Amino acid sequence: AQAISAQGPDFCFAPTDLPGPPSRGGGCCASMWPAANTATAGASVPTGATWTRRGRHVHPRANPLRVGFALLAAIAPAVLLRSWASAWLQWTPLGTTAPNTPKATAALSNAATRGSASGLQAVAADRSLDFDARQVGSAEQLMLSRMPAGHLITTHSYVALVDGSIDEERLRTALRWSLVRHPMLRVCADPPIEDLDAATNPFIRTASDGRWTWRPSPLSVAELADRALSVAEVSDDLDMDWQRSFEAALDACRFDFDQGPLWRLKLMRGKDNKNALHFSFVHSLDDQRSANQFIHELLSHMDVLEKGDALADAEPLPFPRSIEEVLLVKELDPMKLAGYAASQLAHGGSGNVKLPSSVRSEERPPRKNWGLDPSQPNSQRRHISVPTVDADGDHKLLMEKQVDPSNEFAGPRRRNIMVPRELDAATLEALRRACRANNVTVGMAIAAASLFAASDISHDGHDFGYEVYRILLGVDLRPFGPEGDWTNGSMAFASGALDFLVRMLPKSGEIFAAEQSGAIGATPKSLIGGAPFWEVARAAKEFTRQWIEKGYAVESTRLFDIGTRLIQLENIIATSADNPATLGREYTVTLSNAGIFAHGDPNGQYGSRRLRGIYFGISQAVSGSLIAASCLTVAGRLQITAQAAAPIIGRPQLDSFADSMLRSLTLAALAAPWKNSVTPRLDYPTEVRGGLPWFYPLETPKGALTCPAYEEIKSPSLPPFEVDKYIGIWYELAFHDITQANMCGCTRFNMTRDGNVIEDMFTVTCPWPWQAGVDGPWLPGYSETTKKRKLNQWTCNMTMYYQPARLGVMLETGFGQEFDNMVLEIWKDPSIQAETGYEYTRAIQFQCLQEPPKVGKIAFTGINFLSRTPHVSRQMLQEMFVRAQALGLEPYGSNDMHVVEHGGCDYPKSTDVSWMGERPEWPCPILDRELGAQV
């Protein structure tokens, strides 16, 4: 449910990018930002037995068995329900690059030039205007949800900064014109008639059809305008005042559902003719695309009135249909719906970053050895340090513990905070050029920057390795209507959202900045390495393209519609806000890119007034993402509204997030063009294993990638390689290697040299040592006497050949193959030198094999992090992950590595022949090259 508040434009692709519906900017417009919630708590929705009766939601010929199958496949898992409740809350349409469809633009133009008797009479006679009432749509209903105190869970808040004098009466007259034209501005909401005796479950729909109903307000246009408009004279800092007003509106907005209006406008007049128009909306009424249209109408009509001209009659537009009524006209396809639901389940169970490490304990619980365990140490395994109490009431149905209601982390006590930022016009134009060179839209570059920024503020020094970040992007659903934009320019909520996962390193924004600035101490890059800013942007574009091609714009709408009719998502949202494991968060970052404000003069001039900027956002306190960013380009400048829920994120962290976004976008715009000699899969940051499960036994697909030359991938800081300093005992800290099993630990190499022959005695414990309370004695080889496993230490002998003519590259044999074992980086850590006596203390090794050699596809890649001691600091281990990325190892598997356990290990006393016996050749000399590669 955190996804329902997303839409927008600058995520538009060039026409050649994808086959989606046309718009002025290309195929699909995707942007997005947080949004709204369900109907008032307790409001029920049609049950599963009756939801097929409306042909506009499901084709009248839908087979009940097929519907039932789809429900079982799509809705049953509880993890999906929580993800819904969290995602649709943020699914909101934002603006688009094109101001309206040609039809809608023409209608507005005509309304400004010809009279309409009904419009004139409505304004002159101060009477109410009628329209046909209709049932509230599923997405609209979610955003009507209110807290027990009576304020909305989700409010759409936006501020237009305007330079020049604003007369209150002219503004009021302009408001009346828009009220006549847009039915949503004069709407009220009637709650459902409920059978309270039939409601026995707070989360499942068991009572009557619980749909709200839209109806016209009984108030006149003049009364609605008077109720909506307020004026405040600001004598101090206008910027500080409008930001406070913005946050207060997100925290606790109340509206009169019976009389209306369900929105308000506050004119804040500061010194030197500086003004802020602050709008607060029930998010069911509009999205940022609609908001941009509203702002344009007000400024245009104030200009007309200032010149002494009369406004043309406003022609009322038809009341817009709901998203579900428009999109869900085809017969349900159970397999397609189940495919979309399965993807959401996978995303929900990914262990993505939801909360910052600042609210977690420093230590993680010990890892359990469940055989081929795909999980890795990550920040989300650290315990939450938020105060909790035993769950009571409805909370007991969803959780054992809940956040202490008296604590500031409790859902009703959290507060919305925001900070504005701006990217100047020259840098934005440079960014557009860089995006064209990298075949992505500006929106996708903003998505990459938001992910980098989120990784900067989410972690402390106790995190290491790769993390999964889940980003929610808004999608304007207007182009997906069977006949295009069904709103015809009327204010409406017409948005959807998509989400995807990106596997990245913590502090990626800081890493990117250090690389680009060339700062002292920055991680040295190889010829093909570096922080993957443009790779993430291209992966975002590729995921969006596939989402469109699969028809998921409709399936996401259908799945949510089914959910709201069977489940009381509004109650799930309010209750889950106190879940100490998530604090109401399901996503890492929500991005709403509303594209370009493409109305009026490109410089924002409206006669004597100038539109200087627009900042907008959606409530995040109860439910949302860890962090949110809403973006809009006005008068050539990109304006960013960064938001979060305090105290989950504090103001210093929010400032750092916004600054990181600007820094990454600036660096990406101004960096010199860089051509990579290798071609990784477009989706490798989002599909680390190429869509294959963790138990797939062969090398994951590498696409058109080829094995790199040593000179391309070795570190610029690698010291001259001296083989005798490399010989000796090494402990493996992490690996990417299909010949090693995740259930093994205590891995050690012992290298000895005889001339140019290097024998590498590889020892490993499988399964790794048993630990009480972590894994059970049921695993093989456990001894009740010693309380340890026996017969679980294994060895194999590998042979390498030192090549004096190719220092740092050893020729290795194994599995009937010969391949290069490249030493890419070597450290000389004083602390490890003092402990072990070795000069070379840590190293990164890399192997790559194509079959057939040099011309075939990659059949194997091996990456090894080695240390002279079995335990190193987290900072040292993270330094190795960062260095591997800088050397270009990510597309080859450094973002899919297994961290080796070394706790409780008994290492071999010796690997000498006197102790171990004759060293066998492994695996067998009888395997030819082809069979060896398969094995």
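**Entry 1: the whole chain.** I looked up the secondary structure and found 24 helices and 28 strands in the chain. I noted that the model is a predicted one. I then checked how much of the chain is buried: of its 935 residues, 62% are. For the surface, I wrote down an accessible area of about 33,900 Å². Carbon and sulfur atoms hold 54% of that area. Next I took the contacts with a separation of 6 or more and found that 80% of them join residues 24 or more positions apart.

**Entry 2: a sheet.** I picked out an open sheet of six strands with mixed pairing. I recorded the strand order as 5-6-7-2-15-14. Which strands stand at the edges? They are strand 5 (229–233) and strand 14 (605–606); each has a single partner strand, so one side of each has no neighbour in the sheet. I followed strand 14 to its partner, strand 15 (residues 609–618), and found the two antiparallel and joined by two bridges. Across this pair, I saw Tyr 606 opposite Arg 609 of strand 15.

**Entry 3: a helix on the sheet.** I looked for what helix 6 (residues 168–181) touches, and it packs on the sheet against strand 5, strand 6 (263–269) and strand 7 (274–282). I noted an angle of about 160° between the directions of helix 6 and strand 6.

**Entry 4: helix 17.** Why is helix 17 (residues 569–576) largely enclosed by the rest of the structure? I found seven of its eight residues buried, and that is why. Here buried means under 20% relative accessible area. I listed the buried residues of helix 17 as Leu 569, Glu 570, Asn 571, Ile 572, Ile 573, Thr 575 and Ser 576.

Methods: Residues numbered from 1 in each chain as written. Predicted model: local features only at pLDDT ≥ 70, side-chain atom pairs only at ≥ 80, totals over all residues. Heavy atoms only, no water. Helix = DSSP H or I, 4+ residues; strand = E, 2+ residues; numbered from the N terminus. Buried < 20%, exposed > 50% of the residue type's maximum accessible area, 1.4 Å probe, protein only. Contact = heavy atoms within 4.5 Å. Areas by Shrake-Rupley, 256 points an atom, 1.4 Å probe, with all protein chains shown as cover. Pairing = 2+ DSSP bridges. Axes fitted to C-alpha atoms, helices over the stretch in contact; angles between N-to-C directions.
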